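Okay, thanks for having me, everyone. Could we get the model up on the screen, please? I'll walk through a few spots in it.

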Amino acid sequence: MKVLVVGGGGREHAIIRKLKENKGIEKIYCAPGNGGISYDAECVNIKAVDVEGMVSFAKKASIDFAVVTPDDPLVLGMADALEEAGIKAFGPSKLAARIEGSKVFSKNLMKKYGIPTAKYEVFSKAEDAIRYIEAENTYPAVIKADGLALGKGVVIAQNLEEAKAAVHSIMEDKIFGASGNEIVVEEFLTGPEVSVLAFTDSKTVVPMVSSMDHKRALDDDRGLNTGGMGTIAPNPCYTPVHAKEAMDQIFLPTIRAMIAEGCPFKGCLYFGLMITPNGIKVIEYNCRFGDPETQVVLPLLKTDLFTIFQAVRNETLSDLEIEWKDEAAACVVMASGGYPQKYETGYEIEGLDKAGQSSLATVYHAGTKRSDGKIVTSGGRVLGITSTASTLKEALEKSYRAAETIHFEKAHYRKDIGAKAL
């Protein structure tokens, strides 16, 4: 089998490392990949959003199966295009990917089908949004751009002034481009956040191990929102009682709602949840594996990942028993200094072996490239240092021990990943 993985971050690296466990896969390609991925797969210089280029390569290389992981190509319809070209693909259709591609679509879906979420309204004019925020007069207020914005299209405004500034910058200054043509204004929910990724073939839904993301750049949840500075799994806040409530009130109703809307969802559906005093509610959906949640969830998977991908694509997920290790996992993200704002790249990374790994932990590469035989930084989030152990404390200790031995200029990482869970 020849497999193509679309994307080039830590999530893709984690997926590729897992796919390598399947002996039936003879060759893995990754487009565009990165420096660390190049030791585990053949990297192909095609942008993840280049639908035409990706399909053309897949046909030329006789790809048997493609895994489309990032949100942008899914929203553009890459999974559909591959299937139309006769290449089996894991990932939702363009229509189904709207569950992430449009906040308006997903919020209206939840309202229509009674799926618990924050109270909200949708606006296409800045003055109407501001009038509503003034009338509600409750802060913090959450303001979301409708479309994709690299995970940064959400502003939590602490007062009217901040809310107005957010509305103007998203809708009028177009800081997220056309993604800000419409916005969602919703109530601010409180409680522990939980990420649950789930495999679904559009009929059956199989949740993965829960995880806890750390989105803020600095310790004690201070600083700017990032794509995620670290994760742990399982999330200790998420009990079996919560899991049943989520399955009955959120997971299954969402899958059924997508069928009812004529866009059945097949792939990995990410549920961003909050355990509020009034029960579990959906903060957001993603139409793909989360990053960096994937880096702690997949190391705990006992069942062959490629077998699951095939079952999802073939709609035979109910025939498969998916098993997990009874362990904990932790991922500490090493980022470039200044991330998520301005940062410099091109710094050599020291402390890794010739294959870009550490003897102390698994190193998933996110923003790296190979240059003159060295591995150098090439992005904001650079490495995900991941460990598993029988306890979370032990997994965290292993990851931090490994992080201390890896160095690059202006490296930055949080020192409190998982602290709330210990």
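Let's start with α1 and α11: their axes cross at roughly 105°, and because angles of 65 to 115 degrees count that way, the two helices are roughly perpendicular to each other. The axes come within 8 Å. On the α1 side, the contact is made by Ile 15, Lys 18 and Leu 19, and on the α11 side by Leu 305, Phe 306 and Phe 309. Sort the residues of this contact by class and you get 5 nonpolar, no polar and 1 charged. Oh, and I should say that this is a predicted model, so please keep that in mind throughout.

Let's stay with α11 for a moment, which covers residues 305-314. Which of its residues are buried? They are Leu 305, Phe 306, Ile 308, Phe 309, Ala 311 and Val 312. And what covers them? The cover includes the helix we just met, α1 (10-19), along with strands such as β1 (2-7), β4 (65-68), β5 (88-90), β10 (193-200) and β16 (267-276). Right after α11 comes Glu 315, and its phi is positive, near 60°.

Now a second pair of helices, α7 and α8. α7 runs over residues 126-136 and α8 over residues 160-171. Their axes are 10 Å apart, and the packing angle is about 160°. Anything over 145 counts as roughly antiparallel, so that is what we call α7 relative to α8. The crossing of α7 past α8 is right-handed. If you want to find the contact on the screen, look in α7 for Ala 126, Ala 129, Ile 130, Ile 133 and Glu 134. They meet Leu 160, Ala 163, Lys 164, Val 167, His 168 and Met 171 in α8. By class, that contact splits into 8 nonpolar, 1 polar and 2 charged residues.

Okay, on to single residues. First up is Arg 414, in the segment after β23 (411-412). Is Arg 414 buried or exposed? Well, buried means under 20% relative accessible area, and Arg 414 has 1%, so it counts as buried. What does its side chain reach? One partner is the backbone oxygen of Leu 218, at 3.4 Å. There is also a polar contact of 3.1 Å between the side chains of Arg 414 and Asp 221. Setting aside residues up to four places away in sequence, Arg 414 touches quite a list, including His 214, Arg 216, Asp 219, Met 229, Val 332 and Tyr 400.

Next, Pro 73, which sits in helix α3 (residues 71-75). Its relative accessible area is 1%, so Pro 73 is buried. Not counting neighbours within four places in sequence, Pro 73 is in contact with Val 6, Ala 48, Val 49, Val 68 and Met 78. Between the C-alpha atoms of Pro 73 and Lys 47 there are 9.5 Å, and the two are 26 residues apart along the chain.

Last one: Glu 350, in the loop between β18 (328-336) and β19 (362-365). Glu 350 has a relative accessible area of 47%, so this residue is partly exposed. Beyond its neighbours within four places in sequence, Glu 350 contacts Thr 405, Ile 406 and His 407. And remember Val 167 from α8? The C-alpha atoms of Glu 350 and Val 167 are separated by 43 Å, with their positions 183 residues apart along the chain.

That's my tour, thanks!

Definitions and conventions:
Residues numbered from 1 in each chain as written. Predicted model: local features only at pLDDT ≥ 70, side-chain atom pairs only at ≥ 80, totals over all residues. Heavy atoms only, no water. Helix = DSSP H or I, 4+ residues; strand = E, 2+ residues; numbered from the N terminus. Buried < 20%, exposed > 50% of the residue type's maximum accessible area, 1.4 Å probe, protein only. Polar contact = N/O pair within 3.5 Å; in protein donor to acceptor, adjacent residues only side chain to side chain. Contact = heavy atoms within 4.5 Å. Axes fitted to C-alpha atoms, helices over the stretch in contact; angles between N-to-C directions. Parallel < 35°, antiparallel > 145°, perpendicular 65-115°, else oblique. Left-handed = near helix turned anticlockwise from the far one by under 90°. Nonpolar A, V, L, I, M, F, W, Y, C, P; charged D, E, K, R; others polar.
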